[in-house]
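Biologist: I have the model open and would like to go through its inside with you. Can we start with the cavities and then move on to one of the helices?

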Amino acid sequence: MNTHSRRLRYFLSGQNFSDGVRTTVAILLPALLLAQWGHFDLGLTVSTGAVCVSVTDTPGPAAHRRNGMLAALAVVVLTALLTSLAATSVWLLGLEIGVLSFLCTMFLVWGARAGAVGTAGLLNVVLLLAHPPALSEVLPHAGLLLLGGLWYAGLAMVAYQVLPYRPAQQALGECIHALARFLELKAKFYLPETALDEDYRELVAQQVVVNEKQEAARDFLFRTRQIVNETTSTGRRLVLTFVETVDLYERITAGYYDYGTVRATFGSSGVLPDIAALIRHIATELDHLGVAIQTSRRYAGPGPDLSEEWGRLQVRISALDADGEGHTRVLKKILVNLRDIIRRVGNIRRYFDESLAVASPVPSRAAEHARFVAHQEIERQAFGQNLTLKSSVFRHSVRMTLACLVAFVLAESLWHGQHNYWILMTVTIMLKPGFSLTRQRNTERIIGTLAGGALGGVILWALPWTEARFGVLVVFMVLAYSFQRTVYLATVVFLTAYLLIMFSFLGFSYVGVAEERITDTLIGCAIAFSAGYFLFPSWESEQLTDYMAAALRANLAYLRQLANRLAGRPLPPNEYRLLRKDVYVSGANLAAAFQRMLTEPKSKQHRPTETHEFVVLNHILSSNIAALTATLREAAPAVPPFAAESRRALTSALAALQKSLVRIAPAAAPAAELGLGTAETDASDDKTLLEQLAFLQKVSTDISKISEILVEHQPPALSGAA
């Protein structure tokens, strides 16, 4: 199975495609059935209820999805009643839009899923503007919306009851797929023809993706009672596989080396492309395993004999010393790391061999797993506490309110198209809390609308047959809803095309609808872009110090656990995993914030070159701490000699990180705890250990220098944040 076929299977067996099919069925079926009985308008209302509730059905544990959909049902019915009553007066309607746009956006104070509930309410308000029901039809209309929402929620929950492990398998498969891509990028570091700066940029970007997928899988596995209690073989295998996957990610990130020196020293030997080839083969094997897990099928194999390939590489590296090519200790370290990676990939494969037994459940496992997922309680006082300009959610809510009012007034007074509610809909969808995402979505919306209009026109011109057009409409609907969380540009292209085909069935002129769609999109995007830029703009550079401080705190705690291990103090495995998780999450958040900053106007970016260097150094630091920790775990219970010189190097590294943290976030920096004890051994330092600790000291010092430059040259807004 080649790369393209694997990607296609990942897509067709993934959560997004499943959700796309379910959303399409939930929307189309009521309209089609009632149209057969001459009540297409009633079917369209039922479908509208399904559309609104589907917004909240984001990946997550079944209980959270159910609660989100039930909350959306209540909000949809309430907004339907209010909007239908307010539609009797344009002034009341404008007031209602202003109030509801503020309140629904403020739902974000309770998290992303609650924010989706608010989005569902706003979407329902906008769709009602197309054809507000008469006063005598208010309750029946709200009842039909409720029926549509219940239909979608019931369909989603039945799918979960029939295949309870399916979402977790899909999330775990996507997690492994992202990890395989991360490993492929690591292979590029051994190819002399690639640029290291670009390699790091791609690797850090993929680190963000891996973290997102791991968090999604962790959320599914550790919040789902049926899985976390490990009452079945399937549940136990899923949990064991995820734990092994996280350990594998640690081993992959721990494989950091001075690639510039490695290239300079061994580039002429020809062994580096062989190392890269083995890494790519491991990544391919891992990708095959991800497909097998996601499709819930046994891995057919047989895959390549990675151990045999590793053995051939070992022989070749051993021959380099005899040929006088130089010291090969670093290559042997690479070999050791690759051997462990191959072993862990083999473990993942064995977990899904049904002929093998898996570990029995541990009674306290559920409580242990609960520590690895974030908990956000719905606290009523959070709403009032965020009613201040210091709150980013409040600022965004005010921004959304003003933008929606401008869109409503513009649509009512200056632009009288048949579907001028599209302007308001565009604003509610395009305007995001951060300007970088608002700008990106606006660009994708405009390009996607133009491309989708052209695609729809070609389909209507080339396919005069009704059945063929309907088949294309269904395919486009599935694709549009499948890509809505991953590739928004594709969603807009297929959404615009299928809407144009749908309006052609309703008797509308294609050209007229296309022109209005494009015009409304341009107007709505202009309003959203202007609001994001001029009304309480949120620039990523203003948030970077928070992300940098979080990354420094996590790495500081990670380095302290290493110091404790070297000093002979034990660390419980779960405590270590929590520290490791904090490092991964904080590093990914920092990298994601940096990527978003690069999409903002140049004048709003804060020293991007130095910030990129900080992000890369942070990644290098955590990778080397992980490498040293892994070495100590393998050497346990023996502890390498920890003599004076090693102690000084580690103390200096801790002090440099502490200094950087105090410099970047003085108010949030913890008190220094740098003491490692004063007792010295008579044993001489382990040279390898000393070299690794000296490198940690160097990286920590470099981070301190970069943080000083960033703080000294930061804009006034950043100074206040720090």
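Biologist: How do the residues of the lining of the largest cavity divide into nonpolar, polar and charged?

Modeller: Bearing in mind that this is a predicted model, the lining of the largest cavity divides into eight nonpolar residues, two polar ones and one charged one.

Biologist: Which residues line the largest cavity?

Modeller: The lining is made up of Leu183, Lys186, Tyr190, Ile252, Gly255, Tyr257, Ile279, Ile334, Asn337, Leu338 and Ile341. The charged member is Lys186, while Gly255 and Asn337 are the polar pair.

Biologist: And which helix gives the most to that lining?

Modeller: That is H15, with four residues; helix H15 spans 329–351, and both it and helix H8 (166–187) supply at least two residues each.

Biologist: How much space lies in the largest cavity, and how many cavities of 30 Å³ or more are there?

Modeller: The largest cavity holds about 80 Å³ of space, and the count of cavities of 30 Å³ or more comes to seven.

Biologist: Switching to H5, what is its reach from first C-alpha to last?

Modeller: Helix H5, residues 90–106, has 17 residues and reaches 24 Å, close to the 24 Å expected at 1.5 Å a residue.

Biologist: What do its buried residues pack against?

Modeller: The buried residues of H5, among them Leu93, Ile97, Leu100 and Phe102, pack against helices H4 (62–86), H6 (112–128), H17 (381–385), H18 (392–413) and H19 (421–430).

Biologist: And what does the side chain of Ser89 reach at the start of H5?

Modeller: There, a side-chain oxygen of Ser89 comes to within 3.3 Å of the backbone nitrogen of Trp91.

Methods. Residues are numbered from 1 along each chain as its sequence is written. This is a predicted model: local features need pLDDT of at least 70, side-chain atom pairs count only at pLDDT 80 or more; totals for chains, interfaces and linings use all residues. Side-chain values use heavy atoms; hydrogens and water are left out. On a 1 Å grid over the protein atoms alone, a cavity is a set of points where a 1.4 Å probe fits but cannot get out, and a pocket is an open set with protein on both sides within 12 Å along at least five of seven lines; lining residues have an atom within 4 Å of a point. Grid points are joined across faces, edges and corners, and a volume is the space filled by probe spheres set on the points. The expected span of a helix is 1.5 Å times one less than its number of residues. Buried means under 20% relative accessible area, exposed over 50%, partly exposed in between (1.4 Å probe, protein chains only). Contact means heavy atoms within 4.5 Å. A polar contact is a pair of N or O atoms within 3.5 Å; within protein, one must be able to donate a hydrogen and the other to accept it, and residues adjacent in sequence count only if both atoms are side-chain atoms.
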